[in-house]
Amino acid sequence: MNGAKARRRYGLTGLSLLIALIHVLPFYILITTAFKAEDDLSSKWIMPGYLYLDNFANAWREANLARAFLNNVTVTVLSVLFIVVIGSIAAYPLARRQTKWNKLVYLVFVSALIVPPLTILVPLYKFMVNIGGMNRYWGIILLHITFNLPMTIFLYTGFIGTIPRDLDEAAMIDGTGRFGLFYRILLPLLKPITATVVILTGVGVWNDYQFSVFFLQRPELRTVTVALSSFFGTYTSHIGWVAAGSFVAALPMTVVYLFLQRYFITGLSSGAVKG
Amino acid sequence: MSGTVKRLVRGGVLLNLLYVPAMALFAVFIFWPFLKGIQISFTNWDGYNQNFQWIGTDNYSRMFGDPDIKTVVKNTFIYGVGSTLFQNVVGLLYALFLNTRIRTRGLVRTVIYLPVIISSLIMGYIWYFFFQYEGGAINDLLQLFQDQPANLLGDPKANVWIIMFVNTFQYLGIAMVLFLAGLQTIPREYYEAATIDGAGPLARFRRVTWPLLAPSFTVSVVLNLIGGLKLFDVITAMTNSGPGYASASLSTLMYLLYFGREDAGYAATIGILMFVIISVVSLFALILLRRREVPA
């Protein structure tokens, strides 16, 4: 490699590291704030030169984060499970029986992708009060399932469309019924798209704030984001506690992301570009 | 099984039963509330009382004369269109930069994409530590040059743009990843052929990269538009729509009217305005951008 080329290469690497540095800054400030003692008035840019964990203890206790995490896990696992089951079985006839009626049904499902469900907040809230779904796991779970179905049906229908029909016919000749066909032949083939759906909807449900804050108001039912926001409202002056709470709240998803990032990133792009 | 049922199964009509659960959920939690919402928008319901009056189109005429609505619609467009613009421009630049054999590309991509998987409420809090008045990271830097800290989040001229920036920063990674995926589908030979024809780097971008990236561009723009136009979490975290409604979006205004002001009928009307704006803008963008995609 000649000199000019090497210099150019070092320059580009340097530039890339500078970009990465800029994007890490918010997390750096989060860490300095979360680990700094309350009476330490030094700038947020400065790392504390000592180990101080009281912010974490206070945030964990005051925001009741242990309970909040448990609520988050319950709501996310159940929602994603039903999203995958209801979404995948709905996509099967939509992909394989393309009658005029089914095309219309598909269009109705997918058109909901464009309109955020937040627009129907007022009537939805009233409706949830009427059916007793407020402050109930099942209430928020049913909402998460419904609002994630358009994306899920879109992804599954597209994916099933790429699986050759010969496979269906071969299985039918072997005497497998159409419903059995779905479970025994197609379901195993759907693993990659299921991984995408689990990641996309799982991240969305886990991080949700704009619905959970309305439908899970009782303290013992709050998910992590809802617990944090009510905590923030009460302890705005204890900024270190808020930082520690935010840090802990963001940690699980960050760890999962760092280990499975290839699936996160390719999942998103494969899912979206195909549309 | 009787003959008719057997024929139906073979014809596959029964297969349609598989989407009945999804349809039922849709009907109950989307269509029904949607219709109810239209109904509520013609009342003066306060959100709690069983008694309310039909007031015709009063909420709608109130909306069109409301000076707050003008600000809030403007903010909503800054959040939606502004973020989309910056996310796509910077996302494309990052994608072009990382689509080389640079050694650090994996690391850089991981870091840029990280905020996408974090709750936007939490990202809002993190940026609050930057922009807060007392002891904020930005003010620490500003005070090296001036005596007084700047009230960045309390200034209606600044906070809307700060919120737009925070949303842009968080979801930049989506645009970048979509463009990176798009770039990888462009055959290398196209660039070689263009080079042989004497095209420089700029011409290669304009004639090869730009048109062939169109599908990624469509998805990225529409996703970011919808995300920005309904912005809620970041605003709640950073300014709580204040001062007054100065940094509110339609989403947060609707929430404040319903829960803060017990003005449910009017809030439902804002919801319908939001529905119309988002569906019209994103459909318009979708149709416009699809038209410029090169047929494969």
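User: How many residues do chain A and chain B each bring to the contact?

Analyst: Heads-up: this is a predicted model, where local features need pLDDT of at least 70, side-chain atom pairs count only at pLDDT 80 or more, and totals for chains, interfaces and linings use all residues. Residues are numbered from 1 along each chain as its sequence is written, with chains lettered from A and ligands numbered from 1 in the order in which they are written. Two residues are in contact if their C-beta atoms, placed from the backbone, lie within 7 Å. On that basis the contact takes 70 residues from chain A and 68 residues from chain B.

User: Which helix gives the largest share of the side of chain A that touches chain B?

Analyst: Helices here are DSSP runs of H or I, at least four residues, numbered from the N terminus. Several supply at least two residues of that side, including α1 (3-34) and α3 (65-96) of chain A. The largest share, 16 residues, comes from α12(A).

User: Is B:S241 buried or exposed?

Analyst: B:S241 sits in the loop between α12 and α13 of chain B, and its phi is positive, near 75 degrees, though it isn't a glycine. A residue is buried if 20 or more other C-beta atoms (placed from the backbone) lie within 10 Å of its own, exposed if 12 or fewer, and partly exposed in between. B:S241 has 23 C-beta neighbours inside 10 Å, so it counts as buried.

User: What is omega for the cis peptide bond joining B:G242 and B:P243?

Analyst: Most peptide bonds are trans. B:P243 lies in the loop between α12 (233-238) and α13 (250-260) of chain B. For its cis bond with B:G242, omega is about -5 degrees.
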